[in-house]
Structure formats: structure tokens, C-alpha cells
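The following dialogue is a request for guidance from a learner to a teacher. It concerns how the features of a protein model may be read.

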Amino acid sequence: MEYVVKIIADVLAALYQTAGASLLLAALVMCVYMLGRKQGAGPVVRAWIRQFRTSGWFRKHFFLVFYVSMMLFRTLLCRTIWGNPLDHVLGIWSLHNNGELYTENFENLILFLPFIVLLFWAQEERDHYKEKSIQDVLILSFKISFLFSLGIEFCQLFFKLGTFQLADLFFNTVGGLLGGIWYWGFDRSRRKIESAIRRFGGWDVTPWRSADEEQKSSGTYAMTENPSMDRSVSEAMGENATPEIKEDPKERMDSRYRAIERLIREAGKKMVKARPSDAMIHQKEGLANFCTDYDMEIQRFLIKGFSEILPGAAFFGEEDTEGNAGAQADGEFTFYIDPIDGTTNFMFDYHHSCISVGLAHKDQMVAGFVYHPYINDMYIAIRGKGSYLNGKRIQLADKSVTEGIVEFGCARYNEAGIDWLFRVVKDMFQNSLSIRCGGSAALGLCRAASGSNTVYLELKLQPYDYAAASVILEEAGGVITQIDGSPITLHEGCSIIGGTPKAWKESKEAFERLRDSSAEGTTKVKLNK
């Protein structure tokens, strides 16, 4: 009991002694982080250097803060900075030192345990630690805790703020490993207990449901508000599922949407790491129409994963890989997959490409996922539940062409009607704030949904280009049709106008007004073939 009481008292004292300084430091770091995130780390660093070189006021206050910090470290933080940090490198490994009780090792272990838990918790949405294997979690916990502890020990060594001890390094790392196991195991234990409670009592309860899970169940991933669609889609998905216990159809569908998002994020990591060489780039039919080995690899990866998430689904993908039925895809559920929308951008390391995945139920799009992995932007829409960008609801303002940016797309392998398109684009240029041609139709339509563009135009696209983005745009309050106003198609390519209601109407009128009958007769534009 004496050991336990001393450990608890020392841990509480360590936390209390540093609470005030830690609060101020955390507030300062987050202020710098917010400034860097808003303006970019590069501009912030360059601005700091410029101010230091040109502003006497800035230099004076910098040295003042620097000196005050040294005074605080010498007085308030109460550390001996004149000792020899190499006095006792091995450290103390026993429970007694010079006849006195020594529990610092256990205190170090306990203090590092919540550090890893909080770190994983803060990064869960991005890195999904709960879904990783125990081996991956242990390796990550070891690396993070060991390197962080090593950094502390070296700071104590070089800045003489303490003693460098291998014992501290060891017990800090063990504490980090235990923290990783705790974080990974707690969620799995919670789910097992939840399942046992459901199975034992037949109750529809979810113990310890977090606020994030509540938001997900009522937000992005929730079931549709349309009762008929709600029943038909959930029942159809339920028929293909064989869970160990009886699940609510809504929760089952929500879990599938979450699984789809996780799989797309994993595919995005493959895209970001990829560096296509000339040998990996292949010419498809038509001028400047390319495919890379990564397009096919990512599509195979997605088809395999989606087949496990939703058995029996059909696939309409861009690339010719196993499992892809293309335009002949005929299933109750159909995934429309563009593994890399913006392949030319991808080939030239342009960093403006995305993964586009739409899900249709009986020829009606019910969900759309568009992921821009280079900037970690995830657009998600569930029919009847709105559109979201990185978890935040997006609702576009009904702006006209004159109030914003117009984006258009064109491809060298599809130049039919290009003169007509550029007449419209010129008209838009003269009447809008600016025009853009980004090279990714899915991102262009999603930017219209989020308000960055007012409208997106293109004379010929395939269903996998716009299927996902069409749901995202419509759920954000936008309109998407062919240029003559007819509905978009899901089994063959068509033209696209997508944007705010006002900009859509103005763009449609521009196409009608600027149609050149002689050019049309010569080029024989077939927009729906």
C-alpha cells in the first residue's frame, strides 16, 4: 500500500506542478497552429524571418520573451540546470534508492500511458487506429513513445534540465505500449460487451455511445428520410448481410457507409504514395487518353473491398479489370468507380486528382463519395441526408454566373462540339469573375456543391465521372442535368451542366443561344452517345 500511495501522490503532484505552464504552452501552440493552418506553414515562417530581419520592435520583443522564458524556467519551473546530466546514465531500476522508496519508474510508465491514448484519440478520424491490427498498434505505440521519450532525454542532456537515464527511456516506452493496447482493446471490449448485452437481453441499446458516433448516426452516414427508400435500401442491404446478431437496418447501412469511406481513404493513401513511371502509363483509345497501373490497382482494390462490404453488388468502373461489368452492370446495387479521376494530372504530379465512388440502388443514386487525398478532402452525400465536406454540412448559395467562378472540362480524345463549348466558355469568361479548367470532373462538380464554383460544364462524360458528384451536388441544393435540361444517364455517357439553380439556368441558356447550326451540322455532335 505504501508503494501505491507514493505513486499516486507523485503522479498527482507531477500533473499539478506543470498544469499552469502546460495550459499556457498549449494555448500558444494552438494559436500558432491555427495561424499556420490558415495561412500555411511556409508563409508563417517566412513572415517571422522577415519581421525579425526588418523590424526592430519585433527583435526587441523576441529577446524580451526569450529572456523572460529563461527566468521562468530558472524560477517557476524549478529545475536544476547546472548539474551534470550524465551523472547516472543507467538510472535506478529497483524500488529503493539510498534506503528510500523509489517509484519514479512506475510514475513515468503511468504518465506515458494516457499520452498515447490521447494521441491516438486525436488522430483517430484520420488514421483509424481502432481498425488496425494489434501488431500495427504496438509498433506505432513503440515508435511514438520511444522517440518522444528519447527526445525528452536528449533535451535533458543538452539543455541540462535533468539527467539522461536509460531507465526512464525504458519505462516511458513501456507506458506508451500499454497506452496503445488500452486504446485498441477498449473499443473492441466495448463492442463485445455491447454485442453480449444485445444477444443476452434482446435490447436495442448501445452502451457508452460517444458523441462522434451519435453525430455519425444522425448525420453523414444516417439513413434517408424518405420512408419508402429507407425500407427498400435497408432491406436489400440486409438480405446480403449475415451478422452474428440481429442488427437494426439503419445501423447496418450506416456501418456499410463507414466501411466504404474507410476503404476509399485507404485507396487514397495508395494514390498519394504513387509515382508513375513511363512504363506504368498506357495509351487508351483516343488522343491523350491515358491509364496507369495505379488506376487499375486502385480499382481492383476497391472492387474487392466493396464486394465484401456489399456482396452481390455490380460494378461500373472506368478501367478494364476483373469484376468490372462496365456499362452492362446490372445489379440491385451498382458501384460507379473512377479510381483516379484526373489521370493526366496524376501522371504529371499535378496533385489535383480524386477517387470517385457512387452507389446506386435500382438505377437511383443513393450515395456519393469523392476523396481528394492530396489535401484530405472527403465529400460525402447520402440521399435525403445532405452533403458533407470533412464531416461538415455544405449547402450552396444560389449565386448567378456573374457572382462566382465557372469551371469547365474538355478532353483531347473527345473534341466533338469543342468550338461550341469554347464559345460558351468565352461568354462565361466575359460574364463571370473567372474561369477554371481543373482536369477532374468529379472535383469540379463537388466544388460547385461546396460553393467554390457556381457551375461546372462539359460536353461528354461517362457515368463513373459524375455519378458520385451528382448526389453530392443535388444534396447540397444544386442542379445537374445534360445541357439540354434532360436528366443525366447512368448507363451511357452524356453532357453535363451542374451548379447553383441560377448558374445552371444561365449556362443552359448560353448553350442554346450560342449554338451554331452550321458547325453543329458539320461536326454532328452526339452528346448522349
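The turns below go from the whole model to single residues.

Q: What kind of model is this, and what pLDDT does the protein average?

A: The model is predicted. The protein averages a pLDDT of 78, and 72% of the residues score at least 70.

Q: Over which residues does the pLDDT stay under 50?

A: One such stretch is residues 239–246, for which the model has seven contacts beyond four places in sequence. Residues 517–529 also have a pLDDT below 50, and this stretch has 17 contacts in the model beyond near neighbours in sequence.

Q: How many helices and strands does the protein have, and how many of its residues are buried?

A: There are 16 helices and 16 strands in the protein. Of its 529 residues, 43% are buried. The protein exposes about 28,700 Å², and carbon and sulfur atoms supply 60% of that area.

Q: What do the contacts in the protein say about residues far apart in sequence?

A: Here one takes the contacts between residues at least 6 apart in sequence; 65% of these join residues at least 24 apart.

Q: Where does UniProt place the feature "transmembrane region"?

A: The UniProt record, an unreviewed entry, places this feature at residues 12–36, 62–82, 102–122, 134–159 and 165–185. In the model, the span 165–185 is 95% helix and 0% strand, and its end C-alpha atoms lie 31 Å apart.

Q: How is a sheet to be read, and in what order do the five strands of the open sheet lie?

A: In general, the strands of a sheet pair through backbone hydrogen bonds, either parallel or antiparallel. In this structure, the order of the five strands is β13-β12-β14-β16-β15, and the pairing is mixed. The edge strands, β13 (434–436) and β15 (479–481), each pair on one side only. From one strand to the next, the twist averages 15°.

Q: How many bridges join β12 to β13, and which residue is the bridge partner of E407?

A: Strand β12 (residues 405–408) and β13 run parallel and are joined by three bridges. The partner of E407 is R436, in β13.

Q: Which helix lies across β12, β14, β15 and β16?

A: That is helix α13 (residues 441–450), which runs at about 150° to β14 (455–461). The strand β16 in this group covers residues 494–499.

Q: What is to be learned from the sign of phi, and what is the phi of D349?

A: Most residues other than glycine have a negative phi. D349 has a positive value, near 55°. D349 is located in the loop between α11 (343–347) and β7 (354–361). With a relative accessible area of 45%, D349 is partly exposed.

Q: Where does K362 lie, and what is its phi?

A: K362 also has a positive phi, near 55°. The loop between β7 and β8 (364–372) holds K362. K362 counts as exposed because its relative accessibility is 57%, the cut-off being over 50%.

Q: Is S470 buried or exposed, and with which residues is S470 in contact?

A: S470 is buried because its relative accessible area is 2%, and buried means under 20%. S470 belongs to helix α14 (residues 463–475). Leaving aside neighbours within four places in sequence, S470 is in contact with M365, I480 and I488.

Notes. Residues are numbered from 1 along each chain as its sequence is written. This is a predicted model: local features need pLDDT of at least 70, side-chain atom pairs count only at pLDDT 80 or more; totals for chains, interfaces and linings use all residues. Side-chain values use heavy atoms; hydrogens and water are left out. Helices (H or I, at least four residues) and strands (E, at least two) are DSSP runs, numbered from the N terminus. Buried means under 20% relative accessible area, exposed over 50%, partly exposed in between (1.4 Å probe, protein chains only). Contact means heavy atoms within 4.5 Å. Accessible areas come from the Shrake-Rupley method with a 1.4 Å probe; for residues, only the protein chains shown count as cover. Two strands pair if DSSP finds at least two bridges between them. Axes are lines fitted to C-alpha atoms, for helices over the stretch in contact, and angles run from 0 to 180 degrees between N-to-C directions. pLDDT is the predictor's confidence in each residue, from 0 to 100. UniProt positions are given in the numbering used here, feature names are shortened, and annotations may be inferred rather than shown by experiment.
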